[in-house]
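Subject: Structure for your review

Dear colleague,

Please find below the structure that I am handing over to you. My notes on it follow the entry.

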Amino acid sequence: MRLDKFMSETGRASRKEAALAVRKGLITVNGATVKKADVHIDPDNDEIVFMGERIVYKKYTYIIMNKPCGYVSVTESKTDVPALALLPENLQKIGLFPAGRLDKNTSGLLLLTNDGESAHRLTSPKHHVEKEYAFTVKFPLSKDDAAILESGVELDDGYRTMPCRVILTGEKEGHIILREGKYHQIKRMMQAVHNSITSLSRIRYASLTLDGIGVGEWRYLTEAEEKEITDHR
Ligand code: URA
């Protein structure tokens with residue numbers, strides 16, 4: 001693989017930036033400073049060091065993002081800005097897509113990857129992956145309402161939701177933990193108990209949480225997190 005391609009696929013630099021880094025003598029391969037950005041390297045066996053950091057090649061990239069409201073969770077849109085646009089340009093070109101959707105006016109945890117198999121498994125209705133959301137509603141939500149939501153409600157299209165958990169944290173706020181993900185599910189569940197969502201944010205996806213990632217920010221998954229979500233391999 002070409003060195004500049006390697007740098008861009010590992011998300012460290014665009015091809016242009018890689019060429020500049022080579023010119024400045026910032027990249028070494030097996031200890032020797034590289035002179036040309038199009039030099040061929042073996043991503044699995046060569047030791048590539050960029051500004052003192054060893055860059056390890058990985059087939060797939062996994063990113064956790066705290067999506068702000070106003071961004072859409074599709075990869076391309078004529079009318080809206082995709083959440084992918086919040087990543088540096090080189091990371092927008094490696095085939096990342098969101099594993100699971102969040103509505104435009106829902107904020108919170110979005111997992112972006114180019115690992116189709118793991119994404120498919122995480123989002124498949126068969127696997128019942130847990131998703132936790134913090135919500136606020138327009139009218140007070142009673143314990144009875146919470147119990148009704150927990151046991152399952154009939155949505156406007158006749159679908160009956162699976163049992164879930166609702167934790168009330170205030171008169172008009174709480175957390176809801178779902179193991180499924182129908183279109184606008186939580187908004188429609190609240191409608192079924194004559195209420196309406198005023199804000200919604202996903203705070204957990206499987207074992208992944210947002211702690212420390214501010215709205216609009218992102219980071220790579222740690223190795224331990226990657227292992228957990230790709231455990232089926
Ligand atoms: N339920 C919703 O209504 N919207 C989301 O974005 C996620 C779950």
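The notes below cover the ligand site, the nonpolar cores and one helix.

Please bear in mind that this is a predicted model.

**Ligand site**

The residues around the ligand are Leu102, Asp103, Thr106, Tyr133, His184, Gln185, Ile186, Lys187 and Leu200. Three consecutive positions in this list deserve attention for their backbone atoms. At histidine 184, a polar backbone atom is 3.3 Å from an oxygen atom of the ligand. For glutamine 185, the distance from a polar backbone atom to a ligand oxygen is 3.5 Å. Isoleucine 186 has a backbone N or O atom 3.1 Å from a nitrogen atom of the ligand. As for enclosure, the ligand taken alone exposes 240 Å², and the protein buries 94% of that area.

**Nonpolar cores**

Isoleucine 186 also appears in the largest nonpolar core, which has 29 residues. Together with Leu87, Phe135, Leu149, Ile176, Met189 and Met190, Ile186 is among the residues with the most contacts inside this core. Two or more residues each come from the strands β5 (62–67), β9 (107–113), β10 (131–137), β12 (173–178) and β13 (197–205), and from the helices α4 (143–151) and α5 (185–192). A second core, separate from this one, has 15 residues, including Leu3, Phe6, Met7 and Phe50.

Leucine 87 may serve as an example of the packing. Leaving aside residues up to four places away in sequence, leucine 87 touches Ile63, Met65, Gln92, Leu96, Leu112 and Trp218. In soluble globular proteins, nonpolar side chains tend to be buried together.

**Helix α3**

Alanine 119 lies in helix α3, which spans residues 116–123. Is alanine 119 buried or exposed? Its relative accessible area is 5%; because this is under the 20% limit, alanine 119 counts as buried. Beyond residues up to four places away in sequence, alanine 119 is in contact with Phe97, Ala99 and Thr113. The C-alpha atom of alanine 119 is 8.9 Å from that of threonine 230, although the two are 111 residues apart along the chain.

The buried residues of α3 include Ser118 and Leu122 as well as Ala119. These residues lie on the same side of α3, because they cover an arc of only 100° around the axis. An α-helix has 3.6 residues a turn, so residues three or four places apart point the same way. Among the elements that cover the buried residues of α3 are β8 (97–98), β9, β13 and α6 (223–229).

Yours sincerely

How values were computed: Residues numbered from 1 in each chain as written. Predicted model: local features only at pLDDT ≥ 70, side-chain atom pairs only at ≥ 80, totals over all residues. Heavy atoms only, no water. Core = buried A, V, L, I, M, F, W, Y, C linked by side-chain atoms within 4.5 Å. Buried < 20%, exposed > 50% of the residue type's maximum accessible area, 1.4 Å probe, protein only. Helix = DSSP H or I, 4+ residues; strand = E, 2+ residues; numbered from the N terminus. Contact = heavy atoms within 4.5 Å. Near = heavy atom within 4 Å. Polar contact = N/O pair within 3.5 Å; in protein donor to acceptor, adjacent residues only side chain to side chain. Areas by Shrake-Rupley, 256 points an atom, 1.4 Å probe, with all protein chains shown as cover. Arc of directions from axis to C-beta.
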